[in-house]
Amino acid sequence: NASISQQNIFGSGNALIAAINTSSVNRTISLSFSEPYYTVDGVSRLLEIYQRNTDPGSLSVSQYGSSTAGAAVGFGIPITETDSVNLGFRYEHTNITLFANSPPQYIAYVLEFGNITNNYVLSGGWSRDTRDDILYPSRGRLQSLLGEVALPFGNVEYYKVNYLQQAFWPVYGDFVLMLRGDIGYADGYGGTPLPFFKAFYAGGVGSV
């Protein structure tokens, strides 16, 4: 993986970041532009374009591959010193590849809805950050509630809600205990099922 960033591009106070993260299974290329003070009231704006490929054909447990290209715009609205509201919209074009060992429900989904989808997703959320330090916190909490819904004029119709909480306590010296809780719910609507590639999956790095 590699990235290059300029946190004060052209002396504007805005940030431009280009990044690539690649392996034999996953590859992500992204370009983002953030404006921390898009308005004089402290509203921030984030613009992003990205390409994400997953090709797990070399793994014996692989069930599907995907290629997603997308673009997004998001706004952060400060409410208090610790609370903020986020609003966003993104477009995603996804191409799904199935394998010989793909589950029957995946095959049935692709036969009914196709392997290419165009999603228009509206998102919104709330966050509260009372940590004493963003990079190396020793006490405080970080909470966020995020919801998204795929608008009905796309190929799929679904919604997701996720709540995350991290709590930090100093233990001894430089040792800090962090407890994390993460809960989410997702489903389809309008008579369509939740797309399997939008489901929650357990396991992997950083997850139990």
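**Ring pairs around F196: exercises**

At 8% relative accessibility, F196 counts as buried, since the cut-off is under 20%. Keep in mind that this is a predicted model.

**Exercise 1.** Work out how the rings of Y64 and F196 are arranged, and which parts of the chain the pair ties together.

*Solution.* Start with the overall tally: there are 11 aromatic pairs. For Y64 and F196, the ring centres sit 5.1 Å apart and the planes meet at 80°; planes over 60 degrees apart count as edge-to-face, so that's what this pair is. Next, place the two residues: Y64 belongs to strand β5 (residues 64–78), while F196 is in the segment after β10 (175–188), so the pair ties together parts 132 residues apart in sequence. Finally, check exposure: Y64 and F196 are both buried.

**Exercise 2.** Now do the job for Y106 and F196: is the pair stacked or edge-to-face?

*Solution.* The centres are 4.0 Å apart and the planes are at 10°; under 30 degrees counts as stacked, so this pair is stacked. As for location, Y106 is in helix α1 (residues 104–113) and F196 in the segment after β10, 90 residues apart, so the pair links distant parts of the chain. Y106 has a relative accessible area of 8%, which makes it buried.

**Exercise 3.** Find the cluster that ring pairs build with F196 in it.

*Solution.* Follow the ring pairs and you get Y64, Y106, Y109, F113, F196 and F197 linked into a cluster.

**Exercise 4.** Which residues lie over the faces of Y50 and F200?

*Solution.* Over the face of Y50 you'll find R52, at 4.1 Å from the ring centre. For F200 it's K160, at 4.6 Å from the ring centre.

Terms used:
Residues are numbered from 1 along each chain as its sequence is written. This is a predicted model: local features need pLDDT of at least 70, side-chain atom pairs count only at pLDDT 80 or more; totals for chains, interfaces and linings use all residues. Side-chain values use heavy atoms; hydrogens and water are left out. Rings of Phe, Tyr and Trp (its six-membered ring) pair if their centres lie within 6.5 Å; planes under 30 degrees apart count as stacked, over 60 as edge-to-face and the rest as tilted. Helices (H or I, at least four residues) and strands (E, at least two) are DSSP runs, numbered from the N terminus. Buried means under 20% relative accessible area, exposed over 50%, partly exposed in between (1.4 Å probe, protein chains only). A charge sits over a ring if NZ of Lys or CZ of Arg is within 6 Å of the ring centre and within 35 degrees of the ring normal.
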